[in-house]
Amino acid sequence: MPDLITHIAATHLIVKLPSIFRDRILNYYNNYKSFIFLGAIFPDLISKPFQYISPKLYNFSLPLHSPFVVLITAYILTRFIYIQNKNTSFYTIAIFSIFHILLDNLQKGLNPGYQIFFPFSLKRYGLNLISSEIYIYIMLGLLSFSFIVEVYFYYRKKIAN
Amino acid sequence: MNWKNITLFLILVILFVLSGLYNQVNQKDITIYLNNPEDNDKQKISVSGTVLKIDNDEILLKDSMYGKEILLKNVYDKYQTNQFINIQGIFHKEGYIEYRKGEEIWDKKIKLILSIFGFLFVVYIFITDYKKINLFK
């Protein structure tokens, strides 16, 4: 799994890049950015603490990283905590959580991915595309690109004012 | 917090516990192999842990989940003591694992440190955006 900085930078880019061309997306980002970034780290947020409490809980925490549990948890959570609209809050966390799981599954290695089809199948699936040796460069690339995009928006706002 | 919210929260707790336990019961971890070596003879196994001792092509590995010490045989890849590795192999009823392939997990600490920064960033965004967030309304 990539670290949370990689997840946050990738999520930032997939929302912020199209918002260069569409003001509606920029408004959405400005209103929902806390939930966008919550979605970006959500599967790790609900599963990793168990692994840090005890490594014995690894198998216990594995399904908490599956789309099934993540989506139900996001739905219930957005009944308590939401921005403007409960459904938009749910879709925001849901979409970016799924994006998180997709990014996790790109990583290459002996560890065979996550239980994508839990509870229907306990088998773990991974796309095995990006090796851990190059992932650190991907993280730095995404972070730099995110920074450039933010600088662009900073100057665009300054010029508009 | 009304009854509807309490019910939803309880559903969430039940979902977590049931899905976790369901997986815990159905997944084979190292204890299943060690407790029933006869039944798991020549079965595929994946283990991760720290290299304790190296003796020619044999490695003594401390499993990361339960701290069990497991002997790996026929290890043709080069590892060093204290390295954290992930291996796949064949379990033998005598209690050792015949090594097939493995890799060093070198970036565990880096990922943890970066993840803490990532988490703190999201906390910061939540704090700056707290006026927009409706809590229990």
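A residue is called buried here if 20 or more other C-beta atoms lie within 10 Å of its own. Keep that cut-off in your head, because it does a lot of work in this predicted model.

Let's start with helix α1 of chain A, residues 4-16. By that count its buried residues are A:Leu4, A:Ile5, A:Thr6, A:His7, A:Ile8, A:Ala9, A:Ala10, A:Thr11, A:His12, A:Val15 and A:Lys16. That makes 11 of its 13 residues, so α1(A) is largely enclosed by the rest of the structure. Who does the enclosing? The cover over these buried residues includes α2, α5 and α6 of chain A, along with α3 of chain B. As for its length, the end C-alpha atoms of α1(A) are 18 Å apart, which agrees with the 18 Å that 13 residues should span at 1.5 Å a residue.

Now move along chain A to α4, residues 67-80. This helix has 14 residues and runs 20 Å from its first C-alpha to its last, close to the expected 20 Å. Its buried residues are A:Val69, A:Val70, A:Thr73, A:Ala74, A:Leu77 and A:Thr78. Look down the helix axis and you'll find them within an arc of 155°, so they line one face of α4(A). The cover over them includes α2, β1 and α5 of chain A, and α1 of chain B as well.

Chain B has now turned up twice as cover, so let's look at where the chains meet. On the chain B side 40 residues are in contact with 37 residues of chain A. The elements of chain B that each give two or more residues to that side are α1 (3-26), β4 (84-91), β5 (96-104), α3 (108-128) and β6 (133-135). The largest share comes from α1(B), with 12 residues. Sorted by class, this side of chain B has 18 nonpolar, 15 polar and seven charged residues.

The two chains also share strand pairing. Strand β1 of chain A, residues 81-83, pairs with β6(B) in the antiparallel sense over three bridges. To find the spot, look for A:Ile81, whose bridge partner in β6(B) is B:Leu135.

One chain A residue to pick out is A:Lys33, in helix α2. Is this lysine buried or exposed? It has 22 C-beta neighbours inside 10 Å, so A:Lys33 counts as buried. Leaving aside neighbours within four places in sequence, A:Lys33 is in contact with B:Ile125 and B:Asp129. Within its own chain, A:Lys33 and A:Thr92 are 59 residues apart in sequence, yet their C-alpha atoms are 9.3 Å apart in space.

Before leaving chain A, check the loop between α5 and α6, which holds A:Pro119. The peptide bond leading into that proline from A:Phe118 is cis, with omega near 5°.

Over in chain B, five strands close into a barrel in the order β1-β2-β3-β5-β4, with mixed pairing. From one strand to the next, the twist averages 55°. In general, strands of a sheet pair through backbone hydrogen bonds, either parallel or antiparallel. Around β4(B), both of the pairings described here are antiparallel. With β1(B), residues 43-55, there are eight bridges, and B:Gly49 stands opposite B:Ile85 of β4(B). With β5(B) there are seven bridges. Here B:Gln88 stands opposite B:Lys101, and B:Gly89 stands opposite B:Tyr99. The hairpin of β4(B) and β5(B) has four residues between the strands, and B:Gly95 takes a positive phi near 105° there.

Two other chain B residues have positive phi without being glycine. B:Lys42 has phi near 60° and is found in the loop between α2 and β1 of chain B. With 9 C-beta neighbours inside 10 Å, B:Lys42 counts as exposed. B:Asn56, with a phi of about 55°, is in the loop between β1 and β2 of chain B. This asparagine is exposed too, with 7 other C-beta atoms within 10 Å.

Conventions: Residues numbered from 1 in each chain as written. Chains lettered and ligands numbered in written order. Predicted model: local features only at pLDDT ≥ 70, side-chain atom pairs only at ≥ 80, totals over all residues. Contact = placed C-beta atoms within 7 Å. Nonpolar A, V, L, I, M, F, W, Y, C, P; charged D, E, K, R; others polar. Pairing = 2+ DSSP bridges. Expected span 1.5 Å × (residues − 1). Buried ≥ 20, exposed ≤ 12 C-beta atoms within 10 Å, placed from the backbone. Arc of directions from axis to C-beta. Axes fitted to C-alpha atoms, helices over the stretch in contact; angles between N-to-C directions.
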